[in-house]
Amino acid sequence: MTTQKITIEPVTRIEGHAKVTIHMKDDNTVDHAYMHVNEFRGFEKFCEGRLYFEMPQITPRICGICPVSHHLAAAKASDALTGQTPPRPASLLRELMHMGQIVQSHGMHFFELAGPDLLLGFDAAPEIRNVVGLIGANPELTVKAVQLRKFGQEIIKTLGGRKIHPVFAVPGGVNKALTIEERDNILKGVDTAVETLKVGLQIMKDWAAKNMEDINKFAVFPTGYFGLTTPENGLELYDGDIRLISQEGKPLEKFPVANYLDHIAEHVEPWSYLKFPYYKKLGYPGGVYRVGPLGRLNLAEKIDTPLANEELKIFKSLNNGKMVENTLYYHYARLIEALFATERVRVLCEDKDITSTDILNTRKNYTGHGVGVIEAPRGTLIHDYTADENGKLLKVNLIVSTGHNNWAMTNAVDSVAKTYVKGPDVSEGMLNRVEAAIRAYDPCLSCSTHAVGQMPIQVDFIAPDGTIIKTLKRD
């Protein structure tokens, strides 16, 4: 049996690098498929020995796509470690920056990363199934999409001085107040951003109506759902307690973020460096759960902004009131969250305290341990720091959004491969669907593994005797 190798370009549309192996049966159907994340995770270890107040500037370097999430989670963990509760205006400003991050990240994912699949088709030629192809197919929409991302990035830049790796949150607050002029400039962009998201939502609904067969067979499976919520179990992206519900939507736990280790543990598989978190009481894999947009909307009983709340009602009706388990609906949930974040920008900017200069609490009640949790675009992000009496970090634990979703992504890859991949002639469109199973979760593999170097996505087709039949690769 010979090995055939096919190289496909361009680089796949995810943040980071992965490998998929598909094990084939003698009848050319799929036996099992695995997603491998095969870089060593070491970021926590080399943070040991650093001073806690450096973490809001160190941890954003994990990723250039979601540095704001790490920046704010690190600041929240530092607040808890030093006992410095930020003044209300500082918390409002941090949340405003976070809403900018949600808008720019979700907008980029839907239009630039998932959009080529939805708008051009899973089977479109690779040379056009990308942002350039979108420009050719719909230049007006593509410009709106770019402007939407710019709106979010400008919020980050206004507060933090730059769009990537901002310098803003510090233990006990923030280092810069928002001026009235800056606030007014942010408000000017809200209406346009809302209108672009309405366009995106209609695109998603139209696509779903035409592709319901795929939606209903593309990696549909039950899990629990995990994430922050408001006291009334509403959608929450910045603060709050963690809530966990069962596959059927029944409440399992609601607890302060500092108690996360009482409820979750991490499983290890020999074929991946990325761990598999799960709910302790149900064990592994019975206690696996999903985070991110789909998870958060399954958790949420309401949204505290009017337009997004109306969309949530539609989302809740998709499966006759049952949990929305369809992986492809991550894209719909992502747009609803972006709409909420944009509406929330207006609410925050219209708050009388948003331009206050009371932005830093310097009084310390040092504890030596702090947990900071935030809902990053991809899901629940946990920073956990332990320091000595001098503030030197002794232990750092990071559980990132993509880690929480590891089991779900692996299961989605297996499910999609079994549904769509048929040998011996494997088409590029089949490969793209397997990738799309990963892409729906908008994974940040750099965050989850802290990779050094590059690893392209590679799909190996393995015969029952262990020989490689074919390798499909994106360099």
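The chain I want to walk through has 16 helices and 16 strands, and please keep in mind throughout that what we have here is a predicted model. Of its 475 residues, 59% count as buried, and among the contacts between residues at least 6 apart in sequence, 71% join residues that are at least 24 apart.

Let me begin with a sheet towards the end of the numbering. Strands 12, 13 and 14 form an open sheet in that order, and the pairing is antiparallel. The edges are taken by strand 12, which covers 369-376, and strand 14, which covers 393-399, and each of these pairs on one side only. From one strand to the next the twist averages 10°. Between strand 13, residues 379-387, and strand 14 there are 6 bridges, with the two strands running antiparallel, and if you would like one pair to find on the screen, take Asp-384, whose bridge partner in strand 14 is Asn-397. Helix 3, residues 67-82, lies across strand 12, strand 13 and strand 14, and runs at about 150° to strand 12.

That brings me to a single residue, His-98, which is found in helix 4, residues 88-120. Is His-98 buried or exposed? Its relative accessibility is 0%, and because buried means under 20%, His-98 counts as buried. Its side chain reaches the backbone oxygen of Glu-375 at 2.9 Å. If we set aside the neighbours within four places in sequence, His-98 is in contact with Val-68, Ser-69 and Leu-72, with Leu-237 and Tyr-238, and with Ile-374, Glu-375 and Ala-376.

Now to another sheet, which is also open and has 4 strands, in the order 8-7-6-11, with mixed pairing. Strand 8, at 251-255, and strand 11, at 289-290, stand at the edges with a single partner strand each, so one side of each is left without a neighbour in the sheet. Further in, strand 6, residues 224-229, and strand 7, residues 241-245, pair in the antiparallel sense over 5 bridges, and here Leu-228 has Ile-242 in strand 7 as its bridge partner.

Strands 9 and 10 deserve a word as well. Strand 9, residues 264-267, is joined to strand 10 by 4 bridges, and the two run antiparallel; Glu-266, for instance, has Pro-277 in strand 10 as its bridge partner. As a general point, in a regular strand the side chains alternate between the two faces of the sheet. In strand 10, residues 276-279, Phe-276 and Tyr-278 point one way while Pro-277 and Tyr-279 point the other way, and all of them are buried.

Finally, a pair of helices. How do helix 8 and helix 12 run relative to each other? The axes of helix 8, residues 190-210, and helix 12, residues 330-349, come within 10 Å and cross at roughly 165°, and the two helices are therefore roughly antiparallel to each other. The crossing in which helix 8 passes helix 12 is left-handed. As for the residues that meet there, helix 8 brings several, including Val-190, Ala-193, Leu-197, Gly-200 and Met-204, and those in helix 12 include Tyr-332, Leu-335, Leu-339, Thr-342 and Val-345. There are charged side chains in the lists too, among them Asp-191 and Lys-205 from helix 8 and Arg-346 from helix 12.

How values were computed
Residues are numbered from 1 along each chain as its sequence is written. This is a predicted model: local features need pLDDT of at least 70, side-chain atom pairs count only at pLDDT 80 or more; totals for chains, interfaces and linings use all residues. Side-chain values use heavy atoms; hydrogens and water are left out. Buried means under 20% relative accessible area, exposed over 50%, partly exposed in between (1.4 Å probe, protein chains only). A polar contact is a pair of N or O atoms within 3.5 Å; within protein, one must be able to donate a hydrogen and the other to accept it, and residues adjacent in sequence count only if both atoms are side-chain atoms. Contact means heavy atoms within 4.5 Å. Two strands pair if DSSP finds at least two bridges between them. Axes are lines fitted to C-alpha atoms, for helices over the stretch in contact, and angles run from 0 to 180 degrees between N-to-C directions. Angles under 35 degrees count as roughly parallel, over 145 as roughly antiparallel, 65 to 115 as roughly perpendicular and the rest as oblique. A crossing is left-handed if the near helix is turned anticlockwise from the far one by less than a right angle, and right-handed if clockwise.
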